[in-house]
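Me: I should like to study this structure through a few questions. May we begin once it is shown?

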Amino acid sequence: MQGTLTLAKAAIATGVKKFVGIGTCFEYDLDQDFLSTSSPLKPLTIYAAAKAATYISLSQWLATHAVEFAWCRLFYLYGEGEDNRRFVPYLRSKLVAGEPAELTSGKQVRDFMNIDEAGKLIALTAIEDHQGPINICSGLPITIRQLAESIADEYGRRDLLKFGVRADNLIDPPRVVGIKSFNTP
């Protein structure tokens, strides 16, 4: 939080008229069915709480300096350069190697988006007249199983998907899906 506030102060000192920050979908109350920018906040982790606190602080502070403010809440992103321990790279590495991918039940519903698309939405937020909280999401619910099967189909290797080998995380929310804030052209 302190680093973002320091960055905002420096931006104001240089005459910036709009500040765009990056948050997370985990700021929201994840008991909600679909998450809109008006959904209540209820962060359950230190990370999410720090993001929510940064959003609230910047919302109030930047307004006193007549600086426009947008807060991009990222949902489940994947793409090039992603840490190999994350779901999509883990799955791809197993499939390429011809090894079984040990997975949970795959019933969890998520809102996945490629980082390239997310980058376009963040850029549009910065250059267009979007302010306040912005959901950077696809708005499309998909189960972990559906995503895994779609990726496995690229390799012709659904046989390597081993659902139910790993236990489902009991504290993991069953559904995290956003409502898009705006559409790309």
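Me: How many of the seven residues of strand 1 are buried?

Reply: The model is a predicted one. In it, strand 1 covers residues 18-24 and is mostly covered. A residue counts as buried when its relative accessible area is under 20%. In strand 1, the number of buried residues is five.

Me: Which residue in strand 2 stands opposite Gly21?

Reply: Strand 1 and strand 2, the latter made of residues 68-74, pair in the parallel sense over seven bridges. Between the two strands the chain passes through helix 2, residues 46-63, in a right-handed β-α-β crossover. The residue opposite Gly21 is Trp71.

Me: Is Glu82 buried or exposed?

Reply: Glu82 is found in the loop that lies between strand 3 (76-78) and helix 3 (87-97). Leaving aside neighbours within four places in sequence, Glu82 is in contact with Leu77, Val88 and Pro89. Because its relative accessibility is 16%, Glu82 counts as buried.

Me: Which helix supplies the largest share of the largest nonpolar core?

Reply: The largest nonpolar core has 22 residues, and those with the most contacts inside it are Phe75, Leu91, Leu161 and Val176. Helix 3 and helix 5 (144-155) each supply at least two residues of this core. The largest share, five residues, comes from helix 5.

Me: How many residues does the second, separate core have?

Reply: Among the residues of this second core are Cys72 and Met113. Ile134 and Phe182 also belong to it. The number of residues in this separate core is 11.

Conventions: Residues are numbered from 1 along each chain as its sequence is written. This is a predicted model: local features need pLDDT of at least 70, side-chain atom pairs count only at pLDDT 80 or more; totals for chains, interfaces and linings use all residues. Side-chain values use heavy atoms; hydrogens and water are left out. Buried means under 20% relative accessible area, exposed over 50%, partly exposed in between (1.4 Å probe, protein chains only). Helices (H or I, at least four residues) and strands (E, at least two) are DSSP runs, numbered from the N terminus. Two strands pair if DSSP finds at least two bridges between them. A crossover is right-handed if, with the strands pointing away from the viewer, the path from the first strand over the helix to the second runs clockwise. Contact means heavy atoms within 4.5 Å. A nonpolar core is a set of buried Ala, Val, Leu, Ile, Met, Phe, Trp, Tyr and Cys residues joined through side-chain atoms within 4.5 Å.
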